[in-house]
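This report deals with charged side-chain pairs and with a nonpolar area of the surface. It takes the charged pairs in turn and then moves to the surface.

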Amino acid sequence: KPPWSMLLLLVAFATTLGAAVPTGYCIGVINSPATLMKEWCNQTIHEKYGGSLSSGGLDILWSSIVSIFLVGGAIGSLGGAGLANKFGRKVCLLICAGLFIIGALLFFFCRAASSVEMLILGRLIVGLSSGLVTATLPMYLAELAPAAQRGTLGVFCGVGVTGGVVVAQVCSLADIFGTEDLWHYALSAYLVLVVVCYLPAIVFPESPKFLYVMKGNSEAARRELLRLRGKKASKLVELEIAEMEAESNDNSQGSGFCDVLRDPRLLMPLIIVCSFQGGQQLSGINAVSIYNSYVLNGSNGALFLTQIFYYSVSIFTKAGFSEANAQWANLGAGCLNLTISLLGPLLMATCRRRTLMMLSSSLCAVFLFCIAFVLNYIESVSWFAWACIVCIMGYIFFYQFGLGPIPYFIGSELFEVAPRSVAMSMGSLASWTCNFIIGMAFPSLQSAWGAFVFLPFSVTCVLLFLLTKFYLPETLGRDPSDVAPLVAKGFRSKLK
């Protein structure tokens, strides 16, 4: 294996901390101070426009503030392909940094300006940036890395997003910024990370594959490769240049949206990428994972597992957490998810993708089914409350073995450079769209179906298991040009 160069490590950690972590931060920060922010919105509208919102009107406003982030994410994902192909992967990430900075400034000054509009606009802008990040960052890191390190770097984006949620949970605690006077600090605190991590951006390399294959600039590609691999790795550089030349000479695959969507050879890998990223959201992570907290109802001693990703919706009863410990329990679940996700780089460097994905999806399906069963009978059996917690933690644990990290980077291993940006954008769009669907539909479905709301999540995991078993080729240590022919026949493809 080639050694890790200092430049590659710098770019990997700087972009993860400066782009992926802020993405997760903006996902996780909005709920803890939600009550304080809703009160401020109502008061601000009363002072500015001379009227107060009804309870229903305030809920609609809050839903708009929450969901517009996801709308921005979907739009940013769609724009990622065009920006990445026209301006380059590096410039696209610099645009993300600029959008994050603008969003943070809007968050910070919206309270002083008494402007709910600034808050909504800020959420839209950071959503746009987050969509660009999830579409571009895994692709950028995968194209910078040599083949042996591609999987390791591919999970950095997922780990960063998970870590960002945990950082947001910490910053929004009542003991830090989660107060009536400081909630706007919580929303904008990620600005420090963005500014610090992008200070060395002038030395970040552009993707050599983008320069060679998309721009036809072989000298610039060679120059960036020498910076990334070191002058002592000249043989490795020449080998990679030869691979790029072969890929550049293959003009059979287009790079536009229409070209990719019309090419039957790209149908199956595109289905895999979109299904993995969409299925990642539809697997129930937003309902049972790090976005959950345990809240004790003091009047009857009932424990609620509350979906705090977007809304506080009670799911089950009887456990034993005090209200004072609710945020800490939520933070603990987030830390578990982050801890397991840190194993991702090691797993992706040594373990087969198909094995990890099948293991993760099958066991998550089992745990989700158990959650539904336990919740349905939780009133009848006293120890089922703790069994539910065990199932939730088991789900979180095995989710991070495959369902969590693999969808972020699998497109980089299935697609060659020309169609890669479109595939990553489509996958990111599927993720944000399904994220939006869960955020909007889960509260209503939970009210209508009760515990059985988790059964569709379990079915999703079963479908992902089947898709992986029958159609996902092993990509560990293989060049995309070697993988592409294995899935070029669509549903008639047969794995070797």
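Lys 38 has a relative accessible area of 23% and is therefore partly exposed, a class that lies between buried (under 20% relative accessible area) and exposed (over 50%), as computed with a 1.4 Å probe and protein chains only. The model is a predicted one, in which local features need pLDDT of at least 70 and side-chain atom pairs count only at pLDDT 80 or more, while totals for chains, interfaces and linings use all residues. Residues are numbered from 1 along each chain as its sequence is written, and side-chain values use heavy atoms, with hydrogens and water left out.

Lys 38 forms a salt bridge with Asp 59, a term that requires a side-chain nitrogen of Lys or Arg within 4 Å of a carboxyl oxygen of Asp or Glu. This pair links distant parts of the chain, since Lys 38 belongs to helix 2 (residues 34–49) and Asp 59 to helix 3 (residues 55–87), 21 residues apart. Helices are DSSP runs of H or I with at least four residues, numbered from the N terminus. Asp 59 is also partly exposed, at 36% relative accessibility.

By the salt-bridge rule the count comes to 11, and three of these pairs are set out below.

| Pair | Closest N and O atoms |
|---|---|
| Lys 38 and Asp 59 | 3.5 Å |
| Glu 117 and Lys 48 | 3.5 Å |
| Glu 413 and Arg 353 | 3.0 Å |

Glu 117 forms a salt bridge with Lys 48, and the pair joins distant parts of the chain, with Glu 117 in helix 5 (residues 116–144) and Lys 48 in helix 2, 69 residues apart. Glu 117 is partly exposed at a relative accessible area of 37%, and Lys 48 is likewise partly exposed at 43%.

Are the partners Glu 413 and Arg 353 buried or exposed? Both Glu 413 and Arg 353 are buried. Their salt bridge again links distant parts of the chain, from Glu 413 in helix 19 (residues 406–414) to Arg 353 in helix 17 (residues 353–376), 60 residues apart. Salt bridges also link Arg 89, Glu 143 and Arg 420 in a network.

On the surface, Val 459, Val 462, Leu 463, Leu 466 and Phe 470 make a nonpolar patch of about 440 Å². Such patches consist of residues with over 30% relative accessible area and no salt bridge, nonpolar side chains (Val, Leu, Ile, Met, Phe, Trp, Tyr) being joined within 5 Å, and accessible areas come from the Shrake-Rupley method with a 1.4 Å probe. Leu 466 lies in helix 21 (residues 455–471) and counts as partly exposed because its relative accessibility is 37%.

Definitions and conventions: Patch = residues over 30% accessible without salt bridge, like charges linked within 9 Å, V, L, I, M, F, W, Y side chains within 5 Å. Helix = DSSP H or I, 4+ residues; strand = E, 2+ residues; numbered from the N terminus.
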